[in-house]
Amino acid sequence: MPIQVIVEKCTGCMLCIKACPFDAIRIMDRPEGRGLASDRPEGHGLASFGQSHSQSQKKAIIDLNKCTLCGACVPACKFKAILIEKTPEKCSLPDIKDYKGIWVFAEQKLGKAQSVSYELLGKARELADKLKCQVSAVFIGHNLKDQLDELIWHGADNIYLVEAPEIANFQDEPYTRILVELVKKYKPEILLCGATAIGRSLISRVAIKIKAGLTADCTGLDIDPEKKILLQTRPAFGGNIMATIISPNYRPQMATVRHKVFQPMQPDKHRKGKVIKEAFDAAVYESRTKLLDIVEEVETLVNLAEADIIVSGGRGMGGPENFKLLEELAHALGAAVGASRAAVDSGWMPYSHQVGQTGRTVAPKIYFACGISGQIQHLVGMQSSKIIVAINKDPEAPIFKVATYGIVGDLFQVIPSLTKKFKETLKK
Ligand SMILES: Cc1cc2nc3c(=O)[nH]c(=O)nc-3n(C[C@H](O)[C@H](O)[C@H](O)COP(=O)(O)OP(=O)(O)OC[C@H]3O[C@@H](n4cnc5c(N)ncnc54)[C@H](O)[C@@H]3O)c2cc1C
């Protein structure tokens, strides 16, 4: 028996009941004379252990059908009356030679493929060229026909298409089952997914089911030229270092990437691809949760993620009142205003404007970094911008290492003159 209640020690205090997240413990009367070892018949599914007692006593009984052996009850029991014996699960290594190709989970909302899917396909295409393999999109939903060409034009060689009315919108359980089944059947070498609310919820479940590693929130992906494995780079230790993570023994190698970290490839309308339709038993589409409604978020936040131009300010702005300078420049350019965490933490700008590791990831056509030093946690949120203009009085500021154009000077002089010049030029 992997979990046992030692009856002599159990006082029926019920602490274990509170600790059990799976509602698997009951305090029940142990009738007189019930005996040694597991006091239930084999297969009954209830666990306790101990000597017989002369009187009926209230003791903990564990329902093995509900217990997951998570161990939460063990430290909760003050009387050391619960024992768990975990035999380490034998994990057989998959034969990695059987796994081929790069897959992208193509997220859709209300039947429309999301832009993160195209960004991941673009990156997958680049990686596939190094591995000399194909790129496939997994597309789950209903009535998705009109989106298929776009996925192919953006880099997919194959689309695994699963359509049914029950799965029109994302639900954790059916989507997880479908993706797990497809992975088991086709064995992709790499599986990429957006680090979106949907992607994060889905892919962690999939990773657990197929016993694969998962690197979340990658900011860089590459292929090791010799070993041909995926190099997954992401900030670690609070963003103080960039760690490159590998999954050499298990497949698929799985990673999530935030929206706007990678660029989609230019759509190529001459590309051809194969659509592989898959269908499953009704049980696969079942869900214990029910989707009642989808309510569109009222956008109270600045739409930084979609802005073509962003003018961001950091601690160098000196105070909240000086963000007016940035707003004027942003107004002249039709830009959104962003901020570094230092500016947000100082209460100069609301969090919704924060760019960086713990804020938004952005990739506008032009990013102005004003009075921002360029620490790694800021850079990971904006370094994919096409043009970066840095304004800083310190010529050694790290922001200049990523800047396309650097202006060394006092922002209180530089910003107003830029605003003036842009206003004049754009008027013409
Ligand atoms: C776990 C973790 C997560 C984080 N997440 C984020 C995040 O999401 N986003 C983020 O931005 N940071 C984040 N940070 C914080 C990050 O490490 C930096 O502290 C922060 O980015 C610094 O902000 P800053 O560049 O505005 O300030 P500073 O580093 O203080 O730089 C201010 C700059 O302004 C310049 N300056 C001053 N006065 C003037 C002037 N008059 N004219 C021109 N230039 C001037 C200075 O030369 C300096 O380079 C995170 C940190 C950790 C540990």
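## Two parallel sheets and a ligand shell

Just past helix α5, Lys187 adopts a positive phi of about 55 degrees. That is a handy place to start a walk through this predicted model, so let us step back into the helix itself.

Helix α5 covers residues 172–186. At 1.5 Å a residue, its 15 residues should span 21 Å, and the C-alpha atoms at its ends are indeed 21 Å apart, so the two values agree. Which residues of α5 are buried? They are Pro174, Tyr175, Thr176, Arg177, Ile178, Leu179, Leu182 and Val183. The buried residues of this helix pack against β6 (102–106), β9 (135–141), β10 (158–163), β11 (190–194) and α6 (197–210).

Several of those strands belong to an open sheet of seven strands, paired in parallel and ordered β12-β16-β11-β6-β9-β10-β17. Its edges are β12 (214–218) and β17 (274–277); each has a single partner strand, so one side of each is left without a neighbour in the sheet. On average, neighbouring strands here are turned by 25 degrees against each other, direction ignored. Helix α5 packs on this sheet, touching β6, β9, β10 and β11, and its direction makes about 150 degrees with that of β9. Helix α6 packs on the sheet as well, touching β6, β11, β12 and β16 (253–257), with its direction at about 170 degrees to that of β16.

Strand β6 deserves a closer look. Five of its five residues are buried, so β6 is largely enclosed by the rest of the structure. Ile102, Val104 and Ala106 point one way from the strand, while Trp103 and Phe105 point the other way. Val104 stands opposite Ala137 in β9, and its bridge partner in β11 is Leu192.

The table gathers some parallel pairings from the model, with a facing pair of residues for each.

| Strand pair | Bridges | Residues facing each other |
|---|---|---|
| β6 and β9 | five bridges | Val104 and Ala137 |
| β6 and β11 | three bridges | Val104 and Leu192 |
| β10 and β17 | four bridges | Leu161 and Lys277 |
| β21 and β22 | four bridges | Ala390 and Gly406 |

The last row leads to another open sheet, this one of five strands in the order β19-β18-β20-β21-β22, with parallel pairing. Here β19 (336–339) and β22 (405–408) stand at the edges with a single partner strand each, so one side of each has no neighbour in the sheet. Neighbouring strands are turned by 20 degrees against each other on average, direction ignored. Helix α7 (residues 323–333) lies across β18 (309–313), β19 and β20 (366–370), running at about 170 degrees to β18. Helix α11 packs on the sheet too, where it touches β20, β21 and β22, and its direction makes about 135 degrees with that of β21.

Now to the ligand. Which residues come nearest to it? Of the 30 residues around the ligand, those are Gly314, Gly316, Arg341, Ala342 and Gly356. At least two shell residues come from each of α8 (341–345), α9 (376–379), β21 (387–392) and α11 (411–427). Helix α8 gives the most, with three residues. By character, the shell divides into eight nonpolar, 17 polar and five charged residues. Strand β21 and helix α11 thus appear both in the shell and in the packing of α11 on the five-stranded sheet.

Definitions and conventions. Residues numbered from 1 in each chain as written. Predicted model: local features only at pLDDT ≥ 70, side-chain atom pairs only at ≥ 80, totals over all residues. Near = placed C-beta within 6 Å. Nonpolar A, V, L, I, M, F, W, Y, C, P; charged D, E, K, R; others polar. Expected span 1.5 Å × (residues − 1). Buried ≥ 20, exposed ≤ 12 C-beta atoms within 10 Å, placed from the backbone. Contact = placed C-beta atoms within 7 Å. Pairing = 2+ DSSP bridges. Axes fitted to C-alpha atoms, helices over the stretch in contact; angles between N-to-C directions.
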